[in-house]
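User: I am new to this structure and would like to learn how to read its features one at a time. Could you take me through it, giving the general idea before each case?

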Amino acid sequence: MDALDRQIIAALRANGRATYAELGRQVGLSASAVHERVGKLESSGVIVGYHAVVDPSAVGLGVTALIGIHPTDIADDNEVADALSELIEVESCYRVAGDESFIVKVRVATVDDLERSLGRLRRIHGVARTRTTVVLSTRFEGRPNTSDEMGDVT
């Protein structure tokens, strides 16, 4: 991966719907050259997908919480992660260092729904307890790195 690939990635992170021609204008290549590079980035696993960014409140998910998951002494992290992936309200799951094994981001419609979600999380085999932080507002989220920030990544 070279500097042009990094520029293409930065442009796609900013606008995943950009055409190859638009990307080419941004990075100084032809549309066909960009198409070839994007194809290689996809086939090598650097680019793993594209998605729509949706306003959670607009689809009725007005409550966001970050939940730390403390494991039992005999918990199997893979089994806990698999069980977490079955819960539709769990948007993201991070394996972390420290007292907690995982931190998950949950989005639900109401605080009552959050309470029910916490009950489901606590019933997962291997979960000893949870620690919940309710998000009051989101200042920014899912922000793409700029090409300058990605320049030193190898």
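**Reading helices and their surroundings**

Analyst: Before turning to details, keep in mind that this is a predicted model. A good place to begin is with what covers the buried residues of helix H3, and here the cover includes helix H1 (3-14) and helix H2 (20-27).

User: What are the buried residues of H3?

Analyst: The idea is to look at relative accessible area, since buried means under 20%. In H3 the buried residues are Val-34, Val-38 and Leu-41. Because they cover an arc of only 60° around the axis, they are on the same side of H3.

User: Which exposed residues does the face of H3 turned away from its buried side carry?

Analyst: For the opposite label, exposed means over 50% relative accessible area. On the face of H3 turned away from its buried side, the exposed residues are Ser-32, Lys-40 and Ser-43.

User: How many residues does H3 have, and what does it reach from its first C-alpha to its last?

Analyst: One way to read a helix is to set its reach beside the span expected at 1.5 Å a residue. H3 (residues 31-43) has 13 residues and reaches 18 Å from its first C-alpha to its last, which is close to the 18 Å expected. Just after H3, Gly-45 takes a positive phi of about 90°.

User: At what angle do H1 and H3 pack?

Analyst: For a pair of helices, one reads the angle together with the separation of the axes, and angles of 65 to 115 degrees count as roughly perpendicular. H1 and H3 pack at an angle of about 85°, with their axes 11 Å apart, and that makes H1 roughly perpendicular to H3. On the H1 side, Leu-4, Asp-5, Ile-8, Ile-9 and Leu-12 meet Val-34, Arg-37, Val-38 and Leu-41 in H3.

User: And how are H2 and H3 placed, at what angle and with their axes how many Å apart?

Analyst: The reading goes the same way as before. H2 and H3 pack at an angle of about 100°, with their axes 8 Å apart, and the two are therefore roughly perpendicular to each other. Their contact is made by Tyr-20, Ala-21, Leu-23, Gly-24 and Val-27 of H2, together with Ala-31, Val-34, His-35 and Val-38 of H3.

User: Is Lys-105 buried or exposed?

Analyst: For a single residue, it helps to read its place, its accessibility and its neighbours together. Lys-105 is found in strand E3 (residues 102-108), and because its relative accessible area is 10%, Lys-105 is buried. Its side chain makes a polar contact with the side chain of Glu-141 at 2.5 Å. Leaving aside residues up to four places away in sequence, Lys-105 touches Thr-64, Ala-65, Leu-66, Glu-89, Val-90, Glu-91, Ser-92 and Glu-141.

User: Which residues are buried in H5, and what do they pack against?

Analyst: Here one lists the buried residues and then asks which elements they meet. Helix H5 (residues 111-122) has twelve residues and reaches 16 Å from its first C-alpha to its last, close to the 16 Å expected. Its buried residues are Leu-114, Ser-117, Leu-118, Gly-119 and Leu-121, and they pack against strand E1 (63-71), H4, E3 and strand E4 (127-134).

User: What separates the C-alpha atoms of Ala-14 and Ser-117?

Analyst: A pair of residues can be read both along the chain and in space. The C-alpha atoms of Ala-14 and Ser-117 are separated by 33 Å, and the two residues are 103 residues apart along the chain. Ala-14 has its place in helix H1 and is exposed, with a relative accessible area of 60%.

Note on methods:
Residues are numbered from 1 along each chain as its sequence is written. This is a predicted model: local features need pLDDT of at least 70, side-chain atom pairs count only at pLDDT 80 or more; totals for chains, interfaces and linings use all residues. Side-chain values use heavy atoms; hydrogens and water are left out. Helices (H or I, at least four residues) and strands (E, at least two) are DSSP runs, numbered from the N terminus. The expected span of a helix is 1.5 Å times one less than its number of residues. Buried means under 20% relative accessible area, exposed over 50%, partly exposed in between (1.4 Å probe, protein chains only). The arc is that of the directions from the helix axis to the C-beta atoms. Contact means heavy atoms within 4.5 Å. A polar contact is a pair of N or O atoms within 3.5 Å; within protein, one must be able to donate a hydrogen and the other to accept it, and residues adjacent in sequence count only if both atoms are side-chain atoms. Axes are lines fitted to C-alpha atoms, for helices over the stretch in contact, and angles run from 0 to 180 degrees between N-to-C directions. Angles under 35 degrees count as roughly parallel, over 145 as roughly antiparallel, 65 to 115 as roughly perpendicular and the rest as oblique.
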